[in-house]
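Got the viewer open? Here is a short tour, one selection at a time.

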Amino acid sequence: MDDAERPGSGEQLWSVFEFARRYRLAKREENRLLMLYGPSASLRDLLANAQRHSLIS
């Protein structure tokens, strides 16, 4: 990982499992994020890439 990819000193790493639970993501979306980032990622990356599907169309 070079410096551009490394989280900044003020950037907090989150558990993908905790993020999915807190934001009520579907298991399929949680698995997609796990494949992208592994077990942890920065909150900024998770928020930018998570997709929630509404139950109300």
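Before you click anything, one cut-off: a residue counts as buried under 20% relative accessible area, as exposed over 50%, and as partly exposed in between. Keep in mind, too, that this is a predicted model.

**The whole chain**

Start with a cartoon view. You should find 3 helices and 2 strands, and walking along the sequence gives the pattern β-α-α-β-α. Now colour by pLDDT. The mean for the protein is 83, with 75% of the residues at 70 or more. Among the elements, strand β2 (residues 40–42) has the highest mean, 97, while helix α3 (residues 43–49) has the lowest, 94.

Switch on a surface for a moment. About 4,700 Å² is exposed, and carbon and sulfur atoms supply 52% of that area. Of the 57 residues, 21% are buried. As for how the chain meets itself, take the contacts between residues at least 6 apart in sequence: 51% of them join residues at least 24 apart.

**The core**

Next, select Trp14, Val16, Phe19, Ala20, Leu25, Leu33, Ala41 and Leu46, and show their side chains. These 8 residues form the largest nonpolar core. Helix α1 (residues 16–22) is the top contributor to this core, giving 3 residues.

Now centre on Phe19. Which residues does Phe19 contact, leaving aside its neighbours within four places in sequence? Show Trp14, Leu25, Leu33, Leu43, Leu46, Leu47 and Ala50, and you have the list.

**Salt bridges on helix α1**

The structure holds 4 salt bridges; three stops on this tour show you examples. Go to Glu18 and turn on Arg21 and Arg22, since a network of salt bridges links Glu18, Arg21 and Arg22.

Take Arg21 to Glu18 to begin with: the closest N and O atoms sit 2.6 Å apart. Both residues belong to helix α1 and are 3 residues apart, about one turn of the helix. Is Arg21 buried or exposed? Its relative accessibility is 56%, so Arg21 counts as exposed, because the cut-off for exposed is over 50%. Glu18, at 27%, is partly exposed.

Then swing over to Arg22, whose side chain meets that of Glu18 in a salt bridge of 3.8 Å, N to O. Why are Arg22 and Glu18 separated by about one helical turn? Because they are 4 residues apart in helix α1.

**Over to helix α2**

Select Glu29 and Arg32. They make a salt bridge too, with 2.8 Å between the closest N and O atoms. Glu29 and Arg32 are 3 residues apart in helix α2, so about one helical turn separates them. Check how covered each partner is: Glu29 has 6% relative accessibility and is therefore buried, whereas Arg32, at 29%, counts as partly exposed.

**Last stop: Glu30**

Move one selection along to Glu30, which lies in helix α2 (residues 27–37). Is Glu30 buried or exposed? Its relative accessible area is 8%, so Glu30 is buried. To see some of what surrounds Glu30, show Val16, Phe17 and Ala20: these are its contacts once neighbours within four places in sequence are left out. Val16 and Ala20 should look familiar, as both were in your selection for the largest nonpolar core.

Definitions and conventions:
Residues numbered from 1 in each chain as written. Predicted model: local features only at pLDDT ≥ 70, side-chain atom pairs only at ≥ 80, totals over all residues. Heavy atoms only, no water. Buried < 20%, exposed > 50% of the residue type's maximum accessible area, 1.4 Å probe, protein only. Contact = heavy atoms within 4.5 Å. Core = buried A, V, L, I, M, F, W, Y, C linked by side-chain atoms within 4.5 Å. pLDDT = per-residue confidence, 0-100. Areas by Shrake-Rupley, 256 points an atom, 1.4 Å probe, with all protein chains shown as cover.
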